[in-house]
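Student: I'm new to this one. Can we go through it together, with the reasons behind each label?

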Amino acid sequence: MNPLSAVCYYRRHKRQAVMLTALLALAVVGLYLVLGVLLETFITPLYTVNRYLSRFSLVQPDMGALDPAVAARIGANPDVAVVLPQNHVEIAVPNAGGVDTPFRLIGLQEADMDAVLTQSGVRLVEGQLPQPGANGLALSRELATALDLGIGDTLKRTENNTGYANIASPLEVVGILSGDVRLGIVSYEYLDSQEGYRGIARYGVLVIARPGREAAVDDLLRQTVRSPRVEVATYHLLREYLAESRAVLYKVGIPLVLLVTAAITMVVGAINRLAFMQRLTELGTLHAVGHGKGWLARRLTLETAGLALAGGALGIALAMGIMALLNAAVYAPKGFAYNPFQMTALPFVAPIPLAVIGFTLFTAVRALGRMDAVAIVERGALSLEEKQTRPAARARAMSLPHPLAATTFYRRHKGQAAVLIGATALMIVSASLFVFGLESFDDARQPLLNHLRQVSVAAANGLTLEPGTVELVRAHPAVERVIPAMLFSPLGIYVPPIAPTYPVEAYGVTAEDMAYLVELYGLRLREGHLPRPNSNELAIPWTVAQNRGLQVGDVIGNRDHPVHADAPTLPTELVVSGILAQAEDFADDNWLSFMSLEFAESHPDAWKVNLSLVVAPKAGQKEALDAWLESEIAGEGRLVFTYGNQRAQFQSQASSLLLSLSLVESIIAVVAAVALAGLNYIFVMQRRAELGVSSALGLSRLQLVGRIVRETLFTSGAAWLAAVLGGAAILVVMQYGLFVPAGVRFNLFNPVPWLYTLPVPAAVLAVSAGAVGRALSRLDAVALIEGRA
Amino acid sequence: MLQGENLRLVYQDGDATVDAVHDVTVTVADHQFIGILGPSGSGKSSLLYLLSGLRKPTGGEVYLDDRAYSRMSDRERVALRRREFGFVFQQHFLINYLTAQENVMVAAPVQDKAHTAQARALLTDLGLSDKLHRFPYELSGGERQRVAIARAMIHRPRIIFADEPTGLLDRHTGLQVIALLRAYRDQGSLIAVTHNPEILSEADLIIKMRDGQIVTIEDRVARQSKEAAA
């Protein structure tokens with residue numbers, strides 16, 4: 001074997017090789033899993049569930065019925081094979097990660113069902129297809145699994161008020177489908193015949209392209225048919241949406257990759273530096289016998305490169321294995337099987353070995369540049385310069401009162417302290433990054449519910465609440481006032497940092513009720529005036545105006561020229577007549593808008609007015625009234641929105657996400673604990689002689705372990721402090737750079753994300769103490785003194 | 001008084017079994033300077049480790065004022081080393097990132113101002129007043145060993161164990177170091193291991209060892225008579 005080869009070096013230094021390879025593999029596994037889990041939880045299900053768009057497309061107007069001319073134009077295109085009538089309602093399918101994925105239950109006429117199934121490569125494997133006019137539902141097996149439904153079961157809103165909000169009346173599973181894509185088929189006639197679905201179901205056409213002309217039809221629908229009034233759902237658009245979703249993931253993923261890569265590079269760099277210092281004599285000798293510094297740098301880099309690539313490959317293989325296990329144990333049983341061997345996360349983990357190799361090359365070239373072979377051979381020092389730097393150090397040095405204190409050790413080992421503190425701080429930030437993002441977003445969206453603090457709402461989904469229910473509510477002794485209101489969402493509010501736009505509520509109420517509500521909410525106008533009766537005016541909160549850049553006099557809801565790309569089109573344009581002042585405390589801000597109910601009712605051709613009830617309680621009766629509304633009024637066909645149930649829903653969403661993020665944090669904490677504790681252990685073991693003589697002088701093992709724990713506590717504590725200060729700085733930048741300009745803000749003092757900064761230093765401390773304690777339990781002072789250990 | 005009775009130490013060194021100390025009995029009175037002399041591998045350092053409690057004997061017993069080491073817990077033996085004993089090794093074993101003063105303070109029972117002053121005084125007495133804040137790598141071999149001696153003395157131990165304290169020093173520096181150690185006899189006992197008889201000229205008792213056993217024990221009177229006769 002070539003004695004100067006990297007293979008020879010690592011065959012003789014197996015522990016070092018195994019440790020570095022394992023460290024890199026662990027980092028790669030951790031990062032790959034984090035990104036893999038996020039990808040399979042947030043992105044892939046969107047594709048998996050909606051992949052039927054690769055077989056056909058859907059076209060529907062933004063409201064009402066599709067213009068027959070549009071359907072005719074599509075049918076006349078030579079690339080189109082067939083155009084079928086369709087209606088559909090959307091439900092949310094919870095995936096294995098607890099995140100809802102939107103999915104359409106498509107209503108088809110009986111005669112068209114076979115054609116759609118054939119085109120989709122799907123067949124009926126159990127039961128039957130929905131009968132015309134009946135509430136039957138044929139569902140792909142995977143979706144039935146995800147929704148925990150079997151033949152004979154019913155899908156009803158009471159099971160999931162949010163996910164099944166559009167299920168006006170129960171649908172019974174009558175058939176199970178299997179095939180290339182996932183489908184949910186219901187009877188067109190049934191959706192059409194049920195009053196409850198009329199305001200909810202979307203009507204349009206289903207377009208099947210001629211074989212080989214799918215792309216052309218996709219282009220036609222997107223480029224020619226799509227307009228502010230006509231929505232299309234095509235495979236190309238699905239992929240565009242997926243690309244946008246991935247971009248959001250990358251926005252979060254790239255900082256995470258950079259942080260973890262930097263931390264691991266620091267750790268590996270420190271280990272390499274220690275190994276390098278131990279090999280000074282070897283390197284000096286090789287240089288003395290004629291090997292150039294370039295050759296030595298290449299050799300050192302090659303040694304690390306081999307391990308880095310091996311570690312990277314091992315990490316990827318392990319990560320894929322774990323992803324396969326996760327798929328088999330969690331995702332597939334819930335109907336969301338994925339391909340664990342895809343390469344999507346690969347580009348994210350590739351920087352780790354590459355950064356390590358690059359950093360090694362950089363440090364090797366830098367250190368070898370100063371190398372003086374004679375100095376090394378004679379004194380074991382890197383160069384004669386080392387000797388010259390010491391008087392300066394002496395001039396600065398003063399004896400400190402506590403030589404065994406952690407601060408003394410790290411004042412004399414600043415580089416080591418910097419590596420440990422820096423790497424730990426980076427890991428802490430990596431682990432808590434998502435939680436800071438989520439919590440700031442969650443905080444900022446809380447005012448969405450504030451309009452329910454003073455009132456509650458009873459509604460019939462898509463319909464006017466029936467008079468019997470109205471009378472029942474009006475007669476309740478805890479009710480102060482019942483206000484018929486048209487509920488709608490004229491605007492969306494953008495909540496940073498990467499969140500979607502949230503629809504904000506508006507009440508269409510009479511002038512009298514509007515005045516009552518404004519007083520009840522304690523609102524005051526900042527500028528302009530409240531909507532006048534019978535006018536197309538809208539009063540919006542200042543926060544929404546700021547968020548959307550709106551001023552008094554602006555027009556919204558224009559179909560052809562929306563104010564924003566995501567602004568909903570409205571039945572008629574509305575003019576911003578007034579802007580309501582922001583609450584003094586942002587947490588009390590009210591994001592409710594008001595318009596004239598009289599105007600909507602006087603334009604029945606445009607505004608389909610379905611009246612809900614805004615219920616104001618008597619003083620001190622809100623809690624009792626809400627409890628009664630939730631228990632007695634909410635039910636089949638009726639929804640009740642109280643502050644309590646809506647807040648619980650928010651919290652449930654946030655908890656579900658926090659749970660996923662806790663998994664992410666656990667993975668990063670394990671990587672950090674092993675990597676940093678490993679590095680700490682190596683640093684401590686460099687001090688065996690010091691520890692041995694301390695033991696001989698009468699320091700017990702417990703005292704020695706205590707000393708190392710105090711030192712680790714110092715670095716972990718300093719790292720935590722650095723991370724917290726860094727995190728606080730990032731939060732302030734986010735608050736004033738992103739949130740405040742968008743009119744929103746979050747609570748800088750929310751304790752939850754800060755709690756997520758604790759596991760990494762705690763894990764590092766625990767693993768370090770365990771590893772060092774175990775090593776010191778084998779400490780033999782005499783052997784060290786005699787130079788035998 | 002420190003007593004070792006019928007001490008035996010057997011240990012494994014690779015495949016070989018080493019009978020390092022074999023049936024050795026020795027007594028060290030207070031304020032006595034004991035020298036243990038012998039060639040390499042004679043068991044003198046092993047005997048020192050047994051007497052100081054750094055090693056547990058395979059057989060026999062060590063007593064300090066009638067307290068048997070074998071009846072002490074590990075913690076008690078560690079505390080004994082910290083409070084009652086001081087150590088000087090062949091290598092200085094100073095902590096490289098601590099200054100001379102800090103290295104001395106490592107063995108102080110309490111890190112307070114009084115002991116800091118005492119550390120300074122000791123180093124000054126040992127001729128290192130201008131090197132209190134120097135790091136070990138900035139000191140000569142003799143200076144390092146003097147710092148190690150100060151470290152052994154800072155807590156005023158009853159017994160100082162010195163294992164080849166001059167082994168790595170030149171003759172002149174070695175004699176200086178021995179003089180410093182010998183001066184400690186006023187405060188406590190000194191047990192010094194060496195293969196160099198010259199440094200034991202002032203010893204009260206010289207134990208000569210070979211192959212793990214005591215060959216002779218000579219006190220100063222006998223030695224002086226012998227020298228006079230010679």
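Tutor: Sure, let's start with the domains. Chain A is assigned domain 1 (1-47 + 255-397), domain 2 (63-227), domain 3 (427-444 + 645-789) and domain 4 (462-636), with bounds that come from an automatic or database domain assignment. This is a predicted model, where local features need pLDDT of at least 70, side-chain atom pairs count only at pLDDT 80 or more, and totals for chains, interfaces and linings use all residues. Residues are numbered from 1 along each chain as its sequence is written, while chains are lettered from A and ligands numbered from 1 in the order in which they are written.

Student: How far apart do the C-alpha centres of domain 2 and domain 4 of chain A lie?

Tutor: They lie 32 Å apart.

Student: What makes α17(A) oblique to α27(A)?

Tutor: The axes of α17 (residues 414-445) and α27 (residues 759-777) of chain A cross at roughly 135° and come within 8 Å. Angles under 35 degrees count as roughly parallel, over 145 as roughly antiparallel, 65 to 115 as roughly perpendicular and the rest as oblique. The crossing angle therefore makes α17(A) oblique to α27(A).

Student: Which residues make that contact?

Tutor: A:T424, A:M427, A:I428 and A:A431 come from α17(A), and A:P759, A:V760, A:P761 and A:V764 from α27(A). In contact means that C-beta atoms, placed from the backbone, lie within 7 Å.

Student: How many residues does each chain give to the contact between A and B?

Tutor: Chain B gives 27 residues and chain A gives 23 residues. On the chain B side, α2(B) gives the most, with 5 residues.

Technical notes. Two residues are in contact if their C-beta atoms, placed from the backbone, lie within 7 Å. Helices (H or I, at least four residues) and strands (E, at least two) are DSSP runs, numbered from the N terminus. Axes are lines fitted to C-alpha atoms, for helices over the stretch in contact, and angles run from 0 to 180 degrees between N-to-C directions.
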